[in-house]
Every structure is written in C-alpha cells, then in structure tokens.
Amino acid sequence: MTRVKEDRAIHRRISEYACAEPQALRRDFQITSEGYDPWQVEDSRRRWGANVVAGRRADTVLYRLRRAFVTPFSMILLVLAAISFVTDVLLASNFSRNLTTVFIVLGMLLISGAVRFVQELRAKRVADHLTGMIATRVRVLRAGRWTELCSTELVVGDRVRLAAGDRVPADIRLIEAKDLFVSQSVITGESGVLEKRAVTLRPGSAKTAANYENVAFLGSTVMGGFGEGIVLAVGADTVYGGFSAVGAERKNGFDRGANSIAWVLIRFMAVLIPVVFAACGLTKGNWLSAFLFALSVAVGLTPELLPMVVNACLAKGCAAMGKKQTVVKTINAMQGFGSMDLLCVDKTGTLTGDVVALEYYMDVLGNESGRVLELAYLNSLYHTGVQNHLDDAILRCREMPGQQERFEGLARRCPKLDELPFDYERRLAGVLVGGKENLLIVKGSLDEVCRRCSHVEYKGRRLPMGQDAAASVHAVADEMLEDGMKVLAVACRPMEGRTARPEDVQELTLLGYLAFFDAPKKTAAAAVARLRELHVGVRVLTGDQKSVAVSICKRLGIDADRVLTGPELDALNENDATMCIERTSVFAELSPKQKARVVAVLRANGHTVGFLGDGMNDLPAILESDVGISVDTAAQAVKEGADVILLKKDLNVLGEGILEGRRAFCNLSKYIRITASSNFGNIVSIVIASVLLPFFPMTAVQLLLLNLLYDLLCLALPWDQVDPEACARPLEWSGRTLGRFMRFFGPLSSIFDLLTFAWLFFVLCPAVCGGGFFQLAEEAQRLRFIALFQTGWFLESMWTQVLILHLLRTAKAPFLQSRPSRPVMLVTGLGIVLFTGLTFTPLGRLIGLTALPPVYFAFLAVMVALYLLLVSLAKGLYRKKYRELI
C-alpha cells in the first residue's frame with residue numbers, strides 16, 4: 001500500500017481551523033444555516049479551486065484524450081513525421097516537394113488515437129452508468145436543502161454529512177460526530193480505525209494527520225457512525241490530493257511494455273541510420289541524399305500502424321469482455337488480464353456464496369442459548385459500520401415465525417447508548433445498550449474476544465475462566481471450524497457510564513458462540529480448476545479463521561498444506577516473508593494492511609497479480625495489485641479503486657476475461673514481431689543494395705507505402721483466431737525477446753531480397769531495357785530500368801511479407817493445423833490481388849511503379865515458395881531453441 005510521506009504538508013486552513021470553534025468557521029466562510037447559495041459556490045470555487053485531484057483527471061475526457069494520443073509508439077511516428085516534413089518539404093527542391101509521407105503518418109496517428117479514445121469513452125460511459133465510478137456521492141447543504149451531489153461539485157465552505165460506508169470526499173472539519181470511526185489506511189498506510197470527534201484542538205497539539213481527531217481527510221473511509229462538517233480543503237490542497245493518481249501511475253505495466261518495445265525499435269534505428277548514411281554517402285558521393293535516405297530508412301523500420309493495431313486489439317478484447325458481463329474501465333487493463341499469473345481472492349462471496357446462514361447460537365458448552373442470540377442481535381442491530389454478511393444473517397432471525405414481536409420488544413427495552421465499530425486489527429465490534437443496566441456487548445473473532453475475557457457465564461452463573469480456558473473454548477468450536485463454519489464469540493460487560501472506549505473491551509464475560517455456514521459456490525471448484533488449466537495460480541487471502549479457510553479450500557481443490565496467518569506473517573522478517581509468501585496458497589486471519597503486503601511481495605517476486613474483492617477490507621490489496629477486480633455491488637470506494645468491474649461475481653467470468661486478454665495480446669504480438677522482423681530484413685537488404693547498386697533499390701515513398709499497405713492488411717489481426725496452446729500460459733508484454741526475433745527471422749528475407757536484386761539487375765531489367773544499366777545511354781532507359789527494378793522488389797517484399805504473416809502467426813502448420821480467421825484470409829487475399837494490380841495503374845506510375853512482364857511472376861512464385869520453405873525450417877529451429885514463437 002502506497003503511503004503518504006510524513007512531511008506531507010497539512011494545509012494552513014486545516015491546522016488553523018482545527019483549533020477554532022465552529023462559529024469561527026461559519027463567520028469566516030460566511031456560512032448560513034441554509035448552506036451556500038449558487039453565487040457563494042461559484043465564488044468559493046474561484047477562490048479556493050475545484051475539488052479535482054490528480055487521480056480524478058484519469059476519469060475526464062481530456063485526460064483520456066491525452067492518453068489515447070500520447071504513447072511511446074505515437075511519439076516515434078510524430079518524430080518521423082517531423083523528419084519527413086524536413087526532408088521532403090523544407091530541404092527538397094520546388095519540383096520534388098512531397099507531403100505524402102507526412103500526411104500518411106499523421107493520418108495514422110489520428111486514426112489510431114481515435115480508435116483508442118472512442119473505446120475508452122465507451123467503457124467509461126458503461127462503467128459510470130453501472131457503478132458511479134467518477135466520484136463519491138456526498139450529502140451537501142445547499143440553499144436550505146440537503147441534496148446529494150458528485151464530490152467534484154464540493155467547494156470550500158460546504159456543509160456535508162458522512163455515514164458508514166462513505167468515502168470522505170475532501171478534507172473536512174467536523175462540527176458534529178456520533179460514534180464516527182474512520183479508516184485512514186489510504187493516507188497513512190496503517191489499517192487501524194480511528195474515532196473522530198467534533199472537538200476543538202489546542203494550538204500545536206496536532207503533529208501528523210493521525211493527531212487531527214476533528215478532521216476527516218480525503219480518501220478516508222467511514223467505518224461506522226455519523227458525522228457532519230465543513231469543507232476546508234479541496235483538490236490539490238487536501239492532504240492526500242494525489243492519492244487516486246498513485247494507483248493509476250503505478251499500474252503502468254502496459255506502458256512499461258510499450259516503452260520496452262519502443263526502445264528496441266529505437267536502438268535498431270540508432271544502429272542502422274548511421275550505417276545506411278555512411279554506406280550511401282561513401283558509394284554515391286552525395287551526402288545530403290544519403291542523409292535523407294537514411295532518415296527514410298528509419299521510417300521504413302517502424303511499423304507505422306502500430307498504435308492503431310495495438311488499440312484495435314485491445315478494443316476488440318474490451319468489447320468481447322463487455323459481452324461477458326465484464327466492464328474494463330481502461331483499455332490498458334487488458335494487459336493485466338493477458339499477463340496475470342496469480343489471482344488473489346477473498347473467500348466470502350467469491351469462493352463461497354453471498355448468503356451466510358446462522359446455523360447455531362450456543363452457550364459456552366455448546367447448548368442452544370436464546371440469551372446469546374438476543375445480545376448478538378442487539379450488537380448487529382445497532383452496528384452502524386459497513387454492512388456485512390454476518391450481521392445480515394443474525395438480523396434474519398427476527399423473520400422466523402413468531403419472533404418479530406420478540407426482537408422488536410428487545411430493541412425497545414435496550415436502546416443504544418454508544419458504539420465501538422468493528423476494528424480490523426482487534427477483529428471485534430462493541431455496542432453499549434441501556435435497560436436494567438448498561439451493558440457493553442462485544443461480538444467478534446473467537447480468539448480475540450476470548451483473550452479479553454476473564455469470566456464465563458453458564459446458566460446465569462458468572463464463573464472465572466481457568467488456565468485451560470482456551471482449550472475449553474476450542475473443544476467446543478474446533479469441530480465446527482473443521483466443518484467449514486465461521487465461529488464468532490459473544491461477550492459482555494456491565495458499564496456504569498453511557499459511553500464506551502476501546503480500552504473498555506477488557507475483563508469481559510464470555511457468553512457463548514455463533515456458528516455460521518458459508519457454503520462454497522457450486523461453480524467455484526470448476527472455476528478454480530479452469531484457472532489452474534490456464535496456469536493462473538489462486539491465492540486465498542481472507543480475514544476468516546485458519547480452520548475455516550482450510551476447510552473451504554480443501555473442498556475446492558486449493559492446496560491448503562501451507563497456511564500463513566496474519567500474526568505469523570507479522571512475526572516474519574522481510575527475507576523470510578518473501579519466501580514464505582511465495583510458497584503459500586492460503587492466508588487467513590489477515591488485516592487489510594496484511595492483504596496489501598502479501599500482494600506487494602508477490603508482485604516484487606515477479607508475478608503479475610490480480611486481486612478480486614468487494615469489501616472495504618479488500619481496498620488496499622485492490623490498489624496494490626496489477627489488476628484490481630471488483631463487482632458492481634461492492635462499496636463505492638472499492639469500485640473506484642478497481643480496474644475491472646464484474647457484473648457477475650463468478651470466477652468463471654474471470655477465466656473468460658483472462659482468455660480474452662491473452663487472445664488480444666497474442667494477436668498484438670503477432671503484428672509487432674512479424675512486422676518488425678520483416679521491416680528489419682528489408683532495411684538490411686537496403687543497406688547492402690545501397691552499397692552495391694548505382695541507385696536506391698526503393699524510393700522513400702515506395703518504402704513507406706509498402707509498409708502502409710502491409711499494415712492495413714494487419715488491421716484484420718485483432719479478429720484472427722488464436723491457437724489454444726498460445727493462450728495456455730500468461731503472456732509477457734515487453735520487448736525483451738523482440739530483438740532476438742527480429743535478428744533471427746529478419747535476415748532470412750534479406751537472402752531472398754538479394755537473390756531478387758541479382759536476378760532483376762542482371763537478367764530481367766537488361767532483357768526488358770535492352771542492356772545493362774551502365775550500358776544504357778539514354779536517361780529514359782535508365783529510369784525505365786530503375787522503375788522495373790524497384791517494382792520487382794516492391795512486389796517481392798509485399799508478397800513475402802503477407803505470406804510470412806500466415807506462416808509465423810501460428811506455431812503449427814498454417815492452413816492445415818491452424819486456419820486463420822475468415823477476415824484475415826479475405827483481407828490478405830484481396831490485399832495481394834489489389835496491391836499487385838496497383839503496379840498496372842496510373843496511381844502506381846505516379847509513385848514510380850510500372851507493369852512487369854509475366855516471366856517475373858513465374859520467378860516470384862519460385863522465390864516465394866523457397867522463402868516459405870526456409871522460414872518453416874527456421875521456425876522449427878527457433879521453437880526448439882527458445883521453446884516459443886509468438
């Protein structure tokens with residue numbers, strides 16, 4: 001969990017007004033009993049700013065627009081467009097100026113950015129409609145009415161109300177508070193729950209954010225109670241104004257991979273451009289032409305439609321997942337699905353059902369006890385914290401036949417006086433009720449509650465707990481725990497006052513136990529097996545007792561031989577924790593902070609980690625993971641932190657999502673590897689030909705057009721079929737092996753390019769033109785010779801590039817063992833026909849191409865057949881050596 005630095009400045013308004021009476025706030029900010037009117041709202045926004053922090057910009061149209069167009073790939077193309085403008089326009093003569101290259105590159109940038117922008121806007125609209133993810137909803141007093149607004153509408157001086165489950169929308173000075181407990185884990189990194197009070201601090205008494213007990217800070221979560229306050233700081237002025245951006249900036253696996261690939265291409269350019277420049281300058285003697293041609297080589301090496309193909313693949317994957325009840329909030333989240341190799345899940349509601357049943361309510365010896373049920377009912381009834389399954393199960397007891405009147409009467413006789421909301425560290429909740437006597441009722445973790453008990457109650461008698469008390473407790477509870485039940489303890493303590501403090505949870509009297517059964521989902525075992533087939537390891541991270549977690553995991557086929565509990569985790573040093581966490585599949589009795597720590601260690605160990613959860617205790621781990629996954633019924637703060645929203649809480653949906661992510665990235669990898677290696681081979685051929693030939697083997701426009709035509713055909717790749725074997729394992733999105741692939745397959749095309757050069761220069765062109773190039777005296781004959789040569793290589797390059805796409809798109813035998821999709825077959829087939837026909841048209845002549853005699857196509861067929869045979873053999877050697885292809 002990312003932690004705010006301790007020296008992060010508290011805004012002056014907060015430190016000043018935390019020590020001032022509420023009347024001073026109302027006076028200084030001109031707040032009336034009816035709140036702000038529209039004019040005051042606008043004035044405050046002009047003076048103090050809008051409530052938009054860094055992370056919120058990720059949800060704005062402008063931010064998504066920038067992200068759609070500013071990528072490593074698009075930056076490369078933008079630089080190349082600028083270079084082309086300089087070389088083809090500024091440095092060219094009046095008769096040779098040509099903006100074609102510039103327009104083509106800029107057009108591709110606009111189209112590819114638009115594809116991504118439209119897809120992300122579509123995902124944003126769906127996600128916003130389903131989950132209200134843009135911002136927290138907050139109750140604000142405006143013009144005499146309490147109304148619910150988007151938190152981005154808040155201004156300094158607004159009067160707001162907070163309740164359990166809310167995420168604090170700004171830095172707020174509390175003026176009223178009733179049992180208000182908040183978690184500041186997203187600010188401090190500590191998972192403890194703090195009580196906030198509407199008190200006035202002494203000047204200089206608060207040193208850190210934790211000391212401001214009368215201020216609720218942006219990003220905190222209300223765990224229980226009620227509060228009302230005045231907004232003191234919004235947006236960047238808040239203590240944690242950049243909180244939301246932390247997760248967004250950290251979860252940059254896609255951008256890291258894109259940068260890695262971009263740098264591979266840049267390194268190849270950095271080597272080839274000087275080589276081409278030197279070779280052409282030395283052999284041709286025209287250093288300016290050599291420089292311009294070297295720059296055109298850089299353009300030729302780059303897959304021009306790379307941004308468009310990238311975005312088309314990811315958009316296709318997002319759209320497919322949308323049909324499978326999954327909303328991907330950002331297009332880059334597809335990278336996480338494609339490379340995820342570990343999925344961490346919470347137990348309740350994920351592996352088990354959402355409906356928990358209260359099976360038993362017992363005294364300390366295991367006999368049914370109505371008193372235990374009644375006190376547990378009061379504890380759950382008055383609990384104002386975030387709703388949970390266990391409290392719901394207890395409260396359903398009033399729906400039993402003839403019981404409604406009984407429990408309504410109980411509530412009337414025992415009104416609520418105070419509350420100690422559930423604390424994830426102490427694992428218990430307390431409620432102080434009145435009646436014949438004031439009674440503090442505590443319900444929570446079996447071990448944590450019993451550890452605070454000094455007596456037991458049995459049949460109305462209060463007896464001291466013996467030294468073997470823990471053994472006696474487990475003698476009753478262990479059998480139920482082994483059956484997969486969750487067991488809570490219920491205890492109480494008489495109180496004289498009408499308030500309760502955390503230190504009062506001592507010297508309790510143990511009353512008995514509650515046993516809940518949370519049955520595994522019928523689909524869970526099959527889903528876990530499916531994830532295992534996909535080579536995605538499942539780690540269970542739960543706050544439940546160890547025995548319950550083990551029982552459920554065994555039923556579902558999850559390895560539970562190694563179990564690590566929260567206390568055991570805290571006892572480990574960093575080195576031991578790294579190894580133990582890596583080897584452990586089940587983690588029990590974890591706090592939210594410990595869940596985040598487990599995820600962080602797994603990521604540090606090199607895993608791509610997803611986390612699926614829906615509770616507030618899952619939020620730190622969701623933020624820490626590479627792919628945070630939640631459901632549409634989760635708490636709002638949890639949905640805000642997640643990257644993916646499931647409309648159906650089912651691991652089978654995740655399995656489909658993982659496959660879609662892998663398909664998208666497999667098709668993307670096909671394009672990048674095959675195109676980059678093919679372009680690299682062409683550049684190598686150009687370097688050699690530039691040294692040996694008296695003219696350039698292809699013009700810069702022809703080279704760009706060749707790559708463009710090929711890339712247009714590759715736009716069908718997102719709809720290509722992917723071999724099941726290619727999706728069987730997580731895929732790595734990086735340029736780590738791209739250079740190796742380019743160096744292995746690129747030079748193979750150069751061999752046949754050189755053979756083609758030789759045949760064209762010494763056989764075909766002399767035969768058509770009536771002699772060798774140096775024997776031709778007329779300029780027109782030489783131009784005819786050059787046009788034939790360049791057209792011959794243009795067609796050979798285009799044919800081999802398209803066919804090699806079919807050969808390298810699969811590790812199997814193409815067309816026989818692995819058939820491409822119909823769109824790919826149709827587009828590539830039509831592409832070969834149309835682009836070959838281009839050489840016979842006036843448009844072809846406009847860019848220096850010409851019609852070739854029939855004998856050339858016979859030669860081309862032989863060259864292509866031999867090339868495909870050689871590449872097939874090389875593919876087998878590559879797979880044997882590196883155990884992979886794409």
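Contact here means that heavy atoms lie within 4.5 Å, a notion that helps in reading the predicted model shown above.

A good place to begin is the overall picture. The protein has 886 residues, of which 58% count as buried. Its secondary structure comprises 31 helices and 23 strands. Among contacts with a separation of 6 or more, 74% join residues that are 24 or more positions apart. The exposed surface of the protein comes to about 36300 Å², and carbon and sulfur atoms supply 57% of this area.

The confidence of the prediction deserves a word as well. The average pLDDT is 81, and 84% of the residues score at least 70. Two stretches call for care: pLDDT stays under 50 over residues 130-135 and also over residues 242-251. The model has 25 contacts beyond four places in sequence for residues 130-135, and 25 for residues 242-251. Where pLDDT is low, the predicted coordinates should not be read in detail.

Turning to the interior, the largest nonpolar core has 144 residues. Those with the most contacts inside this core include Leu 343, Ile 558, Leu 651 and Phe 745. Helix 25, which spans residues 651-692, gives the most to this core, with 18 residues. Beyond its neighbours within four places in sequence, Leu 651 is in contact with several residues, among them Leu 343, Val 345, Ala 527 and Leu 612. A second, separate core is made up of 38 residues, including Val 41, Leu 154, Val 168 and Phe 217.

Helix 15 offers a helpful example of how a helix can be read by its sides. This helix covers residues 404-413, and Phe 407, Gly 409 and Leu 410 are buried in it. Seen down the axis of helix 15, the buried residues fall within an arc of 160 degrees, so they line one face of the helix. On the other side of helix 15, Glu 405 and Arg 412 are exposed. The cover over the buried residues of helix 15 includes helix 13, residues 370-381.

Finally, a single acidic residue can be followed in its surroundings. Asp 179 is found in strand 4, which runs over residues 171-183. Asp 179 counts as buried because its relative accessible area is 6%, whereas the cut-off for buried is under 20%. Leaving aside neighbours within four places in sequence, Asp 179 is in contact with Glu 195, Gly 224, Gly 225, Phe 226, Lys 416, Asp 418, Glu 419 and Pro 421.

Note on methods:
Residues numbered from 1 in each chain as written. Predicted model: local features only at pLDDT ≥ 70, side-chain atom pairs only at ≥ 80, totals over all residues. Heavy atoms only, no water. pLDDT = per-residue confidence, 0-100. Helix = DSSP H or I, 4+ residues; strand = E, 2+ residues; numbered from the N terminus. Buried < 20%, exposed > 50% of the residue type's maximum accessible area, 1.4 Å probe, protein only. Areas by Shrake-Rupley, 256 points an atom, 1.4 Å probe, with all protein chains shown as cover. Core = buried A, V, L, I, M, F, W, Y, C linked by side-chain atoms within 4.5 Å. Arc of directions from axis to C-beta.
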